[in-house]
Amino acid sequence: MAYIQSSSFLRNVLALDAAACAATGLLLNFGAGALAGLLGFPAEFLRGAGLVLLPCAAVLAFLASRVRLPRLAIHAVIGINILWVADSILTLVSGWFQPNALGIAFVLAQAAVVAVVTELEVIGLKKSTPVEVETAALRL
(Lines give C-alpha, C1' and ligand atoms only; values in the text may rest on other atoms or scores of the structure.)
Protein backbone atom coordinates (compact mmCIF):
# COMPACT_ATOMS: atom_id res chain seq x y z
CA MET A 1 0.00 0.00 0.00
CA ALA A 2 1.30 3.45 -0.91
CA TYR A 3 1.63 5.97 1.90
CA ILE A 4 2.26 9.69 1.96
CA GLN A 5 3.85 12.06 4.43
CA SER A 6 0.94 14.48 4.47
CA SER A 7 1.81 18.11 4.03
CA SER A 8 0.64 20.56 6.66
CA PHE A 9 -1.45 22.12 3.87
CA LEU A 10 -3.29 18.81 3.34
CA ARG A 11 -3.81 18.30 7.07
CA ASN A 12 -5.24 21.83 7.39
CA VAL A 13 -7.60 21.29 4.46
CA LEU A 14 -8.75 17.95 5.90
CA ALA A 15 -9.39 19.73 9.22
CA LEU A 16 -11.37 22.42 7.38
CA ASP A 17 -13.37 19.71 5.60
CA ALA A 18 -14.02 17.99 8.95
CA ALA A 19 -15.20 21.23 10.56
CA ALA A 20 -17.46 22.06 7.61
CA CYS A 21 -18.96 18.55 7.65
CA ALA A 22 -19.54 18.70 11.39
CA ALA A 23 -21.11 22.17 11.28
CA THR A 24 -23.33 21.36 8.32
CA GLY A 25 -24.24 17.95 9.75
CA LEU A 26 -25.26 19.45 13.09
CA LEU A 27 -27.19 22.26 11.39
CA LEU A 28 -29.09 19.87 9.11
CA ASN A 29 -29.71 17.32 11.86
CA PHE A 30 -30.87 19.61 14.64
CA GLY A 31 -32.35 22.36 12.46
CA ALA A 32 -34.14 20.11 9.98
CA GLY A 33 -37.60 21.20 11.07
CA ALA A 34 -36.93 24.91 10.71
CA LEU A 35 -34.84 24.51 7.56
CA ALA A 36 -37.47 22.36 5.81
CA GLY A 37 -39.90 25.26 5.54
CA LEU A 38 -37.14 27.72 4.75
CA LEU A 39 -35.52 25.67 1.94
CA GLY A 40 -38.42 23.63 0.60
CA PHE A 41 -36.89 20.21 1.36
CA PRO A 42 -38.49 17.55 3.58
CA ALA A 43 -37.15 17.58 7.14
CA GLU A 44 -36.37 13.85 6.93
CA PHE A 45 -34.16 14.41 3.90
CA LEU A 46 -32.26 17.23 5.61
CA ARG A 47 -31.89 15.22 8.82
CA GLY A 48 -30.63 12.21 6.87
CA ALA A 49 -28.05 14.31 5.04
CA GLY A 50 -26.94 15.73 8.37
CA LEU A 51 -26.57 12.28 9.90
CA VAL A 52 -24.42 11.15 6.95
CA LEU A 53 -22.07 14.09 7.45
CA LEU A 54 -21.31 13.48 11.14
CA PRO A 55 -19.31 10.23 10.78
CA CYS A 56 -17.60 11.77 7.73
CA ALA A 57 -16.49 14.65 9.93
CA ALA A 58 -15.03 12.21 12.46
CA VAL A 59 -13.07 10.32 9.79
CA LEU A 60 -11.78 13.56 8.28
CA ALA A 61 -10.69 14.84 11.70
CA PHE A 62 -8.83 11.56 12.29
CA LEU A 63 -7.08 11.82 8.91
CA ALA A 64 -6.20 15.46 9.60
CA SER A 65 -4.45 14.40 12.80
CA ARG A 66 -2.10 11.95 11.03
CA VAL A 67 1.20 12.77 9.39
CA ARG A 68 1.47 9.47 7.51
CA LEU A 69 -1.59 8.39 5.55
CA PRO A 70 -2.49 5.80 2.95
CA ARG A 71 -2.66 7.60 -0.39
CA LEU A 72 -5.85 5.64 -1.09
CA ALA A 73 -7.56 7.28 1.91
CA ILE A 74 -7.04 10.73 0.42
CA HIS A 75 -8.18 9.52 -2.99
CA ALA A 76 -11.32 8.17 -1.29
CA VAL A 77 -11.98 11.54 0.40
CA ILE A 78 -11.58 13.32 -2.93
CA GLY A 79 -13.83 10.79 -4.69
CA ILE A 80 -16.55 11.01 -2.05
CA ASN A 81 -16.48 14.81 -2.25
CA ILE A 82 -16.87 14.63 -6.03
CA LEU A 83 -19.85 12.29 -5.56
CA TRP A 84 -21.34 14.72 -3.03
CA VAL A 85 -21.15 17.56 -5.56
CA ALA A 86 -22.67 15.36 -8.29
CA ASP A 87 -25.44 14.18 -5.95
CA SER A 88 -26.17 17.77 -4.97
CA ILE A 89 -26.72 18.69 -8.62
CA LEU A 90 -28.74 15.50 -9.17
CA THR A 91 -30.94 16.43 -6.22
CA LEU A 92 -31.82 19.69 -7.97
CA VAL A 93 -32.40 18.33 -11.48
CA SER A 94 -34.03 15.00 -10.65
CA GLY A 95 -37.43 16.38 -9.67
CA TRP A 96 -37.44 14.31 -6.44
CA PHE A 97 -37.94 17.48 -4.42
CA GLN A 98 -39.36 20.92 -5.09
CA PRO A 99 -36.96 23.29 -3.29
CA ASN A 100 -37.62 26.99 -3.36
CA ALA A 101 -35.10 29.56 -4.59
CA LEU A 102 -33.34 29.66 -1.20
CA GLY A 103 -33.16 25.85 -1.17
CA ILE A 104 -31.62 25.81 -4.64
CA ALA A 105 -29.13 28.50 -3.61
CA PHE A 106 -28.25 26.52 -0.45
CA VAL A 107 -27.57 23.32 -2.42
CA LEU A 108 -25.51 25.15 -5.04
CA ALA A 109 -23.52 27.06 -2.41
CA GLN A 110 -22.63 24.00 -0.37
CA ALA A 111 -21.74 22.08 -3.56
CA ALA A 112 -19.43 24.93 -4.59
CA VAL A 113 -17.76 24.91 -1.18
CA VAL A 114 -17.25 21.15 -1.37
CA ALA A 115 -15.80 21.52 -4.88
CA VAL A 116 -13.31 24.15 -3.67
CA VAL A 117 -12.30 22.07 -0.64
CA THR A 118 -11.85 19.06 -2.93
CA GLU A 119 -9.53 21.02 -5.19
CA LEU A 120 -7.56 22.14 -2.14
CA GLU A 121 -7.27 18.49 -1.07
CA VAL A 122 -5.91 17.61 -4.51
CA ILE A 123 -3.33 20.40 -4.14
CA GLY A 124 -2.51 19.17 -0.63
CA LEU A 125 -2.01 15.64 -1.92
CA LYS A 126 0.39 16.93 -4.57
CA LYS A 127 2.33 18.81 -1.87
CA SER A 128 2.67 15.61 0.17
CA THR A 129 5.67 13.31 -0.07
CA PRO A 130 5.51 9.59 -0.93
CA VAL A 131 6.75 7.33 1.88
CA GLU A 132 8.49 4.02 1.42
CA VAL A 133 6.77 1.35 3.47
CA GLU A 134 9.06 -0.98 5.36
CA THR A 135 8.27 -4.46 4.12
CA ALA A 136 10.48 -6.44 6.52
CA ALA A 137 7.52 -7.10 8.80
CA LEU A 138 5.49 -8.30 5.84
CA ARG A 139 8.09 -10.97 4.97
CA LEU A 140 7.73 -12.75 8.32
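A residue is called buried here when its relative accessible area is under 20%, exposed when it is over 50%, and partly exposed in between. The exercises below apply this and related criteria to a predicted model.

**Exercise 1. Classify Glu121 by burial and describe its surroundings.**

Solution.
1. Glu121 has a relative accessible area of 0%, so Glu121 is buried.
2. The residue belongs to helix 5.
3. Apart from neighbours within four places in sequence, Glu121 is in contact with Leu10, Val13, Leu14, Asp17, Val77, Ile78 and Asn81.
4. One of these partners, Asp17, is 104 residues from Glu121 along the chain, yet their C-alpha atoms are separated by 9.1 Å.

**Exercise 2. Locate Ser7, classify its burial and list its contacts.**

Solution.
1. Ser7 is found in the loop between strand 1 (3-5) and helix 1 (8-30).
2. Its relative accessible area is 13%, and Ser7 is therefore buried.
3. When residues up to four places away in sequence are not counted, Ser7 touches Gly124, Lys127 and Ser128.
4. Lys127 also takes part in a second arrangement: Lys127 lies over the face of Phe9, 4.7 Å from the ring centre.

**Exercise 3. Determine the geometry of the aromatic pairs that involve Phe97.**

Solution.
1. Ring centres must lie within 6.5 Å to pair; planes over 60 degrees apart count as edge-to-face, those under 30 as stacked, and the rest as tilted. By this rule the model has three aromatic pairs.
2. For Phe41 and Phe97, the ring centres are 5.7 Å apart and the planes stand at 70 degrees, so this pair is edge-to-face.
3. Phe41 lies in the loop between helix 2 (32-39) and helix 3 (43-64), and Phe97 in the loop between helix 4 (71-93) and helix 5 (101-127); the pair therefore ties together parts that are 56 residues apart in sequence.
4. For Phe45 and Phe97, the centre-to-centre distance is 4.3 Å and the angle between the planes is 40 degrees, which makes the pair tilted.
5. This pair also links distant parts of the chain, with Phe45 in helix 3 and Phe97 in the loop between helix 4 and helix 5, 52 residues apart.
6. Through ring pairs, Phe41, Phe45 and Phe97 are linked into a cluster.

**Exercise 4. Assign burial classes to the members of this cluster.**

Solution.
1. Phe97 has 18% relative accessibility and so counts as buried.
2. Phe41 is buried as well.
3. Phe45 reaches 30% relative accessibility and therefore counts as partly exposed.

**Exercise 5. Identify the ring beneath the charged end of Arg68.**

Solution.
1. The ring belongs to Tyr3.
2. The charged end of Arg68 sits over this ring, 4.3 Å from its centre.

**Exercise 6. Characterise the protein as a whole by its fold pattern, extent, surface and charges.**

Solution.
1. The protein contains five helices and three strands, which follow the pattern β-α-α-α-β-α-α-β along the sequence.
2. Along the principal axes, the C-alpha atoms fill a box of roughly 60 × 25 × 25 Å.
3. Of the 140 residues, 35% are buried.
4. Among contacts with a separation of 6 or more, 79% come from residues 24 or more positions apart.
5. The exposed area is about 8,000 Å², and carbon and sulfur atoms supply 71% of it.
6. There are 8 positive and 7 negative charges, and their mean positions are 9 Å apart.

Note on methods
Residues are numbered from 1 along each chain as its sequence is written. This is a predicted model: local features need pLDDT of at least 70, side-chain atom pairs count only at pLDDT 80 or more; totals for chains, interfaces and linings use all residues. Side-chain values use heavy atoms; hydrogens and water are left out. Rings of Phe, Tyr and Trp (its six-membered ring) pair if their centres lie within 6.5 Å; planes under 30 degrees apart count as stacked, over 60 as edge-to-face and the rest as tilted. Helices (H or I, at least four residues) and strands (E, at least two) are DSSP runs, numbered from the N terminus. Buried means under 20% relative accessible area, exposed over 50%, partly exposed in between (1.4 Å probe, protein chains only). A charge sits over a ring if NZ of Lys or CZ of Arg is within 6 Å of the ring centre and within 35 degrees of the ring normal. Contact means heavy atoms within 4.5 Å. Accessible areas come from the Shrake-Rupley method with a 1.4 Å probe; for residues, only the protein chains shown count as cover. Lys and Arg count as positive and Asp and Glu as negative; His and the chain ends are not counted. The place of a charge is taken as NZ of Lys, CZ of Arg, CG of Asp or CD of Glu.
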